[in-house]
Amino acid sequence: MINSKELLEFFKNRRSIRRYQDKPIPDEEIKMILEAGRWTPSASNKQPWMFIVIKNKEKIKKLTESAIYGKFIDKAPVVIAIVGKINENPNWYIQDTSLASMNMILMAFSLGIGTCWIGSMDREKAKENLGLGKDDFLLTVLPLGYIKGSIPKPTLRKSLDQITREIN
Ligand SMILES: Cc1cc2nc3c(=O)[nH]c(=O)nc-3n(C[C@H](O)[C@H](O)[C@H](O)COP(=O)(O)O)c2cc1C
């Protein structure tokens, strides 16, 4: 089993990374990130997802056009689009794919690969670029690249007191 204190430290130290080295990511590491997605829990174990790996620089550039607060994705050597298959789990595809994204984000960080959830984008335009259809929900695109420079300082978090309560 994994050491819980180390795991918590890892969660605390993970940051959204928006600057990437211009260095290819080996396929074995991309596969580890995809495996982390594949082993995510999902409602009724439906696994209603598809992960699209984009390495082609032109395609990444095209995708950047649909990003709003995420133009930095054009510097990432790899982008993975996380797609929910709506018909495969109509009530839960958002939760399922969100969990898969988190697993992949954490795996990436453990490999020294930075990423950042891109929510601010023109989804319809991005979907068109990716050749996605009506049944496809584009949750996010995750830019992936070895971290450039230092890891940003921890972002603020509400205190536990603010976000928890006990009911007796
Ligand atoms: C649903 C969601 C959408 C987000 N969208 C964007 C985005 O469009 N662009 C961006 O740069 N960061 C985005 N982020 C990253 C957040 O800004 C970041 O997680 C938050 O500020 C906390 O920082 P940390 O991840 O370094 O702890 C998003 C995060 C989540 C969970």
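The following exercises, with worked solutions, concern the sheet, two helices and the ligand site of a predicted model.

Residues are numbered from 1 along each chain as its sequence is written. Because the model is predicted, local features need pLDDT of at least 70 and side-chain atom pairs count only at pLDDT 80 or more, whereas totals for chains, interfaces and linings use all residues; side-chain values use heavy atoms, without hydrogens and water.

**Exercise 1. Determine the strand order of the sheet and identify its edge strands.**

Step 1. Strands (E, at least two residues) and helices (H or I, at least four) are DSSP runs, numbered from the N terminus; two strands pair if DSSP finds at least two bridges between them.

Step 2. The open sheet has four strands, ordered E1-E2-E4-E3, with antiparallel pairing.

Step 3. Strands E1 (49-54) and E3 (113-114) each pair on one side only, and are thus the edge strands.

Step 4. Six bridges join E1 and E2 (residues 78-85); Met50 has Val83 in E2 as its bridge partner.

**Exercise 2. Describe how helices H2 and H5 lie relative to the sheet.**

Step 1. Contact means heavy atoms within 4.5 Å. Axes are lines fitted to C-alpha atoms, for helices over the stretch in contact, and angles between N-to-C directions run from 0 to 180 degrees.

Step 2. H2 (residues 27-38) lies across E1, E2, E3 and E4 (136-146), at about 165° to E1.

Step 3. H5 (residues 123-130) touches E1, E2 and E4, and its direction makes about 75° with that of E4.

**Exercise 3. Characterise the polar contacts of the ligand and its cover by protein.**

Step 1. A polar contact is a pair of N or O atoms within 3.5 Å.

Step 2. Backbone N or O atoms of Trp117 and Gly119 lie 3.2 Å from a ligand nitrogen and 3.0 Å from a ligand oxygen, respectively.

Step 3. A side-chain N or O atom of Arg157 is 2.8 Å from a ligand oxygen.

Step 4. By the Shrake-Rupley method with a 1.4 Å probe, the protein covers 65% of the 620 Å² of accessible area that the ligand has on its own.

Methods. A polar contact is a pair of N or O atoms within 3.5 Å; within protein, one must be able to donate a hydrogen and the other to accept it, and residues adjacent in sequence count only if both atoms are side-chain atoms.
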